Each structure stands twice: as C-alpha cells, then as structure tokens.
Amino acid sequence: MGVPRASESGQLQVVTGDETPEHIVLEFSSGVETRPLPLVLSFSNLTYSVKTSPKMKLPQLFRGCITADDGDNLSAKTRVLLSGISGEAREGEILAVLGASGSGKSTLMDALANRIAKGSLKGTVTLNGENLESRLLKVISAYVMQDDLLFPMLTVEETLMFAAEFRLPSTLSKSKKKTRVQALIDQLGLDNAAKTVIGNEGHRGVSGGERRRVSIGIDIIHDPIILFLDEPTSGLDSTSAFMVVNVLQRIAQSGSIVIMSIHQPSYRILGLLDRLIFLSRGQTVFSGSPTSLASFFESFGHPIPKNENRTEFALDLIRELEESSEGTESLVEFNKSWQSKQIQK
Ligand SMILES: Nc1ncnc2c1ncn2[C@@H]1O[C@H](COP(=O)(O)OP(=O)(O)OP(=O)(O)O)[C@@H](O)[C@H]1O
C-alpha cells in the first residue's frame, strides 16, 4: 500500500492512509468514506440460472407433425450455472477458482466482478460487510481478460506509458505517470524487457509470459484494490506461468485482493495460492487452503497418494464422480459439513 490510487474517471480517489494504515480512505467527489483494513470480499449463496433456448425451431410447416414429447423440446428450459456458491477473498491473498472446462469458473468470476445482468444473479457480494455497489466496484477493480490486444510495434515501456496516459487522471503530471510505469515494470519483473517491442507472428518481440504480464500491467496501472483474472496462465509454459502467478502474489501482497481462475496449477503455483474453490457443474466441491486439500480428501475417504499433484488428484476424482451414476452430490454435501466443522474449530 502507500501508493495513491486514482480512478480512471478521476471522480473517485482511493488513498491508502499512511497516517491511518488500518483504514482505506475512499474519496468520492461527493465526500470521503473510510473503510477498515484488511479488505475482505465475501460472497454468499451466489446462484445464477439462464433460460436456454429451445433445442430446435421447426418451420411452421412442420409444427403440426410433432408429438407432445417433441413439443417439450421446443420450450425454454432453465439451466443452473451457479448454485449456492459462498466464500471469501482477502487482501494480501490469491483466491483461485478451479474446475474442469464448463464447471463454472468464468461464470463465478463474472458474478463476483458484477459482469452478470442485474436481477439474474441471486446472493450477496460484500466488501468488509457492506454491499459492493457496482459504481464502487468499477472504480476499485480490474478484470484481466485472457489476451488483451496490444500494439506490436510499441515497446513494453511505451505500451504501459500509453495505458498510463489513457487510464490515469489527466490531472496527474507526466513525471508521476512515468514513475508509476517504472514502479509497475519493476513489480511485473519486466526490467529486462522494458525496451523490447511487443511484436507479433511476423516480428519477434517479447515472450508469451512477458506479454501476459504486460497485459496485466495495463489493467492494473491505476492500482486497483480487487483484481480479477480469467485463466492468466493459459497457454504458458510452466516457468512463465509460475512467473505470472508470482507477480500476482506480489500484487496481492502490496495490498490487493486477487481472484483468478486456473485450470491445473503446477505444484509450484499451488504454493503461491492462498484459497481455493473447486467447482463442479456450478457447485462447490471443495473450498479451503491448498494445505487442507490432503486432510479434506482423506476425511472424504479418498486420501491423496504421496508424491501426487494434489490438484490433479482432486480434479481427476471430481471428474470420476461426475461420470459415475451417483454424481458429485456426496462430495458437495461432504464439503458443506466439512466447512461448518472448520468454522466451529
Ligand atoms: N449464457 C449462457 N447460457 C447457457 N449456458 C451458458 C451460458 N454461459 C455459460 N454457459 C454454460 O455454463 C457452463 C459454465 O461455463 P463457464 O464459462 O463458466 O465454464 P468454465 O469453467 O469457465 O469453462 P472453461 O474452463 O472451458 O473456460 C458451461 O457449460 C457453459 O456452456
């Protein structure tokens, strides 16, 4: 903390209080609000359903030929994408959302980042106990997509300076923007690549991992308090992926809440994550720290064999249960009772 945070619009300034380090001061144009630190983003019972479109739409000519059963296929059905998801993400920590493809990771991230149409999402999202209004969330958060569009002919430094010009208040001096860019280059571990062009297929530039870190830099230039990242390590080799998550840990430890989705973290990456939520078909099947994975699965009757990657084991077991006739219901229920026992402890 300690770096003055400024909104893109310039209407809200978030100033971390060096004089009052136990508080964060949110300066609205209409006044000042103080929130206690550490910041905790809590979400409770998030449930989201969509109406799926009919399986097929027959031309009018054929409508009279279909049976009652076929007719059912034509009516819209409700599909539950998230069901009763609860948890919390804390300042200084990384919360990772895991699960197989289609389990609901991106949907949960969207729900937390207020990217789902109002009214369709049930449940609550609060920051330090207060409802997180969309206006405030917009100013204090950033959402990093899998791949931002970058200009291939600009260097890393020029790209970040360009973002600073666009995203920091116009009242901030050029030298302050330069200082912010330098601090960011340092934080992202991009010192050696600062003068390298981004490049593209035809013109070699920075590596895939560096490119991903530049994308993150663009989105965090205004020093957001909450950072959402959709699969920030996808498509990267294990070393580059580790470096990206290492940077995210540094960002979290400098006073932010980091929430990311990830497919299969390596052993080293797992060591950088603080909290995990495993999803299966929109339901929570595990929620806790990486260190509690072993005792959780042991208590569930499926101990993780020694030397096995814990997340790989968990994802494989979840997939096996999904494919079995009993499904993941037993694991969902076990997680609920395990959670309540943890709270009682
Ligand atoms: N608007 C929608 N209407 C119907 N189904 C949807 C909608 N949005 C998402 N889905 C479905 O919800 C499920 C969860 O999608 P989501 O994108 O959250 O999964 P994911 O875990 O992020 O997957 P991946 O790892 O492949 O990105 C998927 O089966 C997807 O097809």
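**Exercise 1. Find which residue of β14 stands opposite Ile-277, and place that pair in its sheet.**

Step 1. Ile-277 stands opposite Ser-287 in β14. The model is predicted.

Step 2. Look at the strands that hold the pair. Strand β13 covers residues 275-280 and is joined to β14 by 5 bridges. The two strands run antiparallel.

Step 3. Widen the view to the sheet. It is open, has 6 strands and shows mixed pairing. The order is β10-β11-β12-β7-β13-β14.

Step 4. Mark the edges. β10 (141-144) and β14 (283-288) each pair on one side only. On average, neighbouring strands are turned by 15° against each other, direction ignored.

Step 5. Add the helix. α3 packs on this sheet and touches β7 (94-99), β11 (226-229), β12 (257-261) and β13. The direction of α3 makes about 150° with that of β12.

**Exercise 2. Trace the sheet of 4 strands and find its edges.**

Step 1. Write down the order: β6-β5-β8-β9. This sheet is open, with antiparallel pairing.

Step 2. Take the ends. β6 and β9 (130-131) are the edge strands, each pairing on one side only.

Step 3. Check a pair inside the order. β5 and strand β8 (residues 121-127) share 6 bridges in the antiparallel sense. Within this pairing, Ser-44 stands opposite Thr-124 in β8.

Step 4. Place α3 here too. The helix packs on the sheet and touches β5, β6 and β8. Its direction makes about 65° with that of β6.

**Exercise 3. Work out which elements supply the shell around the ligand.**

Step 1. List the residues around the ligand: Val-50, Thr-52, Arg-79, Leu-81, Gly-99, Ser-101, Gly-102, Ser-103, Gly-104, Lys-105, Ser-106 and Thr-107.

Step 2. Match them to elements. β5 (40-52), β6 (77-90) and α3 (105-112) each supply at least two residues.

Step 3. Pick the main contributor. α3 gives the most, with 3 residues.

Step 4. Sort by class. The shell has 2 nonpolar, 8 polar and 2 charged residues.

**Exercise 4. Locate the largest nonpolar core and follow one of its members, Val-258.**

Step 1. Recall a general tendency. In soluble globular proteins, nonpolar side chains tend to be buried together.

Step 2. Start from the core, which has 77 residues. Ala-96, Leu-160, Leu-227, Leu-248, Val-258 and Phe-278 touch the most other members.

Step 3. Find the main source. Helix α8 (residues 238-253) gives the largest share, 9 residues.

Step 4. Follow Val-258. Leaving aside neighbours within four places in sequence, Val-258 is in contact with Ile-94, Leu-227, Leu-248, Ile-251 and Ala-252.

Technical notes. Residues numbered from 1 in each chain as written. Predicted model: local features only at pLDDT ≥ 70, side-chain atom pairs only at ≥ 80, totals over all residues. Near = placed C-beta within 6 Å. Nonpolar A, V, L, I, M, F, W, Y, C, P; charged D, E, K, R; others polar. Pairing = 2+ DSSP bridges. Axes fitted to C-alpha atoms, helices over the stretch in contact; angles between N-to-C directions. Contact = placed C-beta atoms within 7 Å. Core = buried A, V, L, I, M, F, W, Y, C linked by C-beta atoms within 7 Å. Buried ≥ 20, exposed ≤ 12 C-beta atoms within 10 Å, placed from the backbone.
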